[in-house]
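User: Hey, can you walk me through this one? I'd like to start with the strands.

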Amino acid sequence: MNTEDLKTSHDAAIAIVGMSGRFPGADTPDALWKNVKDGVESSTAFSDADLLRKGVSESRLKRKEYVRSGFVIDGIDQFDASFFHLTPRDAEILDPQQRIFLESSWHALENAGYVPEKFPGRIGVYAGTFTSKYLFNILSHPSIVDTVGEMAVRHGNDKDYLATRVSYKLNLRGPSISVQTSCSTSLVAVHMAAQSLLSGECDMALVGGVSIDSAHGHGYLHQPGGLMSPDGKCRPFDAEAQGTAFGDGIGIVVLRRYADAVADGATIYAVIRGTAINNDGSDKIGFIAPSVSGQAGVIEEALAVAGVPARTIGLIEAHGTGTPLGDPIEIEALRQVYQAEEFVAQSCAIGSIKANVGHLGVASGVTGLIKASLALHHKQLPPTINHTRANPHIDFANSPFFVNTQLREWPAPVAHPRRAAVSNFGMGGTNAHLVLEEAREVAERAAEPASVSLRVSAKSPRALKASLQRLATFLRENPFAALRDVETTLALGRRDWECRYVCLAEDRQSAIRQLEATASSDGTGSSHVDAIKTPELVFVFPGQGSQYLGACRDLYRNNNAFRTVINQCRQALAQHSNFDIASAIEAGPDDSAAGAALQRTENTQPFLFSVEYALAKMLEEAGLTPAAMIGHSVGEIVAATLAGVFDLPGALRLIAIRGRAMQSTKPGKMLAVMLAEKALRELLVEYPGIEIAAVNGPDACVVSGDAGAVENLRAGLANVRVQVRPLMVDQAFHSSLLDPVLDRFEQEIMDIPRNAPRLPFISNISGTWADPELVVQPRYWVEQMRRPVRFADGVQTLVANTNSLFVEVGLGSALSGLIKAQLDVKRHARVISLVRPASQNAPDDKVLRTALENLWANGADVGAREQKGRRIPLPGYEFERNSFWLPLADSTEASVAKPIPEPSHPASAQETLAPASREVAAEIASGGPADALAKGSPNEILAGIWKGLFNVAVIDVDEDFFSLGGTSLAAMQLVARIKDLAGVELSMEELLDEPTFNGIAARLSDRLAT
């Protein structure tokens, strides 16, 4: 490779920003690092009883060369199928390697602090897998193969589909390449991904490998002179080394261009300065043998690409298989490159993680890369175990290398950063080498914010509670993890699932207490964790009476979106009024002159309109748009303006005219009365001059009229102990006292432009949806000012949609209380107010932020506030796994179609067949009988096919075939099985038209009848 034009600065480098994995004895890279630095060998001894139970013969166990140990990982049958929208049957026929790679890919992205839908660039996948031995398990069940089809089995077990399946399931749109170069696969994949990043083909890459033997927990027969160790131990570079020991594992790293990672505030474990790959060709003694010249060539090239001298490398994570032939060849290749320039004897530590976890095959390179990256990250040189005396064919004393056998602090070199290198060599001769460098120190961060919002979500209440507990544990165990960084990572690097919780905390201990309390709660109350559908937002706009001096002052000063709209309103209102909205916003509570001005109706109504309109536009800018709206009196005009009936100048002119007209009427009074409308109407017969102005709830009304008459009513109701409350107004709105100004009001608003509404809103007059033809007529707005506000009827119209989330877009929470009173007591009251009432003393922006976070917790798509923290590793998603496993059947079992075993995972919602019919369906699900049409009804035939395809115990007859996880291949198999068993040829179009069980069964019955 010509490297003259290659950049060697960090601008052309690649950052490792995330990692995940499952290794023998370690479920995470952090656990792996702890084991490595503690010198742990994660081998598992197998008892004879276990081996016999797994099918190892007694004669085999009696052989002295049988090795009863291995490097294994736990739970290879376990998988969260629903997380990836896979049916139980799909999961069961999917190679466990590919299942675990899916889960680890998700965890790797989370570890990096990213989630696909919140990342603007393209994410690529470069990965490889070991041969699927699980395929033999599947093929030993011919009835299942017949049910799902050979193509589905092939797609679930072929190496070709590892990377593309991840891209499909995670919606990743960068290059998706399955790499296969035997043991060097995963480090070759890193090289390819780095090239893709540098060329701009992708902006992030998931890179790794997985190697899991489905013949889990078996030993092996040692062959003298063979590749495998006689005692199950791997001894890299040791005089006693006699072979390697293979193990199970998976490793994934997340890569980004270095400059992008720094700009994004990512955690950088290490920096890849240069990579290279080559092949030995025929310069070796055999196809699977190593080559000194091939290995030396790739090492030399990687150093040249990195642009760093070999003498600056302080750690080499070697391929180090512990074979008598391979280890000396590897050190000789290194020696040729490193000793070509001036060197210091035994200055570079060398080791191999294979001593700890075995040879992980396809995953070995990325596992070594993870180890070396964490060594740089923690500034420590980890020990290599199982090494007591050097291989006599390796002259370490006169080389730059020494086998490090104890944990050491890694002192910072004077002239350059700490650097490491990683080698990975594959059978067949494809070699890979890369050069790493420690990341630059992160600059000092700003002080912690006064409070944080920690957003946590999951697909189920159980998973959410587990996530809350894990986060609390993380905060307790990592006192130096800044809360700002935790907030940023949760906001930007996690998917927003259906079950949500937001923790609003001012310090670490408060956050831990809240998280743990909710994790152990029963799920009720304000911090509920139930699954929530994406809600339909209903904006609620209050009317007169909620105003106060200083309302939204903090928002006006600090929120650009709010301030901009308020100033637009001020400019438009200036043509019709001398009142300045900003004067009331900025005024203090003791400003009597400003208070008196605000209480005048001609000023109150423009003030309330402007504040509510500005709040709504602020929500709109945050991506929150209403599905419906309701306003109380003047609030309906805000709703109409947002719906497009009026433009902003026209609406403010209408409000100014309306306020002046009401101000000019004879003084009166209004009284809130806690009585039902019917009872109140009967009572008012005895009090002439008083009318019902508003019906706010089943037992909440407002009356309006002559001041003296209202006082008389108040005294009379006090005698019969009916609760009342005077309203702080000087006019009798929605009463006959307005009649003298109605005609003039209609004339003055006649020429205000009006348009048909674009969004639905509730009419105060009818309490139902506003009629588009009526709201464009001036007379409607005259009647709206005069007639009673039927708010309670409007709420009932809205709550018919049980997925509504009410947002009080105005001052205080008076309407929120009225709405909650009308909601079904069994239903969680989803009503949220945005702004504090006058009685509450709290910063407006903090109150608003709390409201927005509660909106998110209730399912709304609310973007997080601007984040200033870094992306840091946090606990990953708590998968809810179940067992999906087809055992390897013996030859007798394989030759006979047997009933499909009942699944060990949750069943669907409902069963629709009687017990006798279920027996017929079970027979069909198992691959027979041939006379299905004679033996079973159309429903039984379809139920058998359905159960066989999805491997469900019961059937939800109304669930969509595709929402269950059915694929196009499964649909074709369904159509083919129906034709085979019932002789009916349904088209794919018919299936798409009626994709539920009931719909397909009806089609089948109709066709059989004809």
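User: How many of the 8 residues of strand S18 are buried?
Analyst: 7 of them, from the stretch 430–437, so strand S18 is largely enclosed by the rest of the structure. Buried means under 20% relative accessible area, with a 1.4 Å probe and protein chains only. Strands are DSSP runs of E with at least two residues, numbered from the N terminus.

User: Can I get the small print?
Analyst: Sure: this is a predicted model, where local features need pLDDT of at least 70, side-chain atom pairs count only at pLDDT 80 or more, and totals for chains, interfaces and linings use all residues. Residues are numbered from 1 along each chain as its sequence is written, and side-chain values use heavy atoms, leaving out hydrogens and water.

User: Which strands does S18 pair with, S11 and what else?
Analyst: S11 (residues 270–279) runs antiparallel to S18, with 8 bridges, and S17 is antiparallel to S18 too, with 7 bridges. Two strands pair if DSSP finds at least two bridges between them.

User: Which residues are bridge partners there?
Analyst: Thr 430 in S18 partners Asn 279, and Leu 436 in S18 partners Ala 420.

User: What links S17 and S18?
Analyst: They make a hairpin with 4 residues in between, and Gly 428 in the turn has a positive phi of about 105 degrees.

User: OK, the whole sheet now. What's the strand order?
Analyst: S7-S6-S8-S10-S1-S11-S18-S17-S12-S13-S15, an open sheet of 11 strands with mixed pairing. S7 (176–178) and S15 (401–403) are the edges: each has a single partner strand, so one side of each has no neighbour in the sheet.

Definitions and conventions
Buried < 20%, exposed > 50% of the residue type's maximum accessible area, 1.4 Å probe, protein only.
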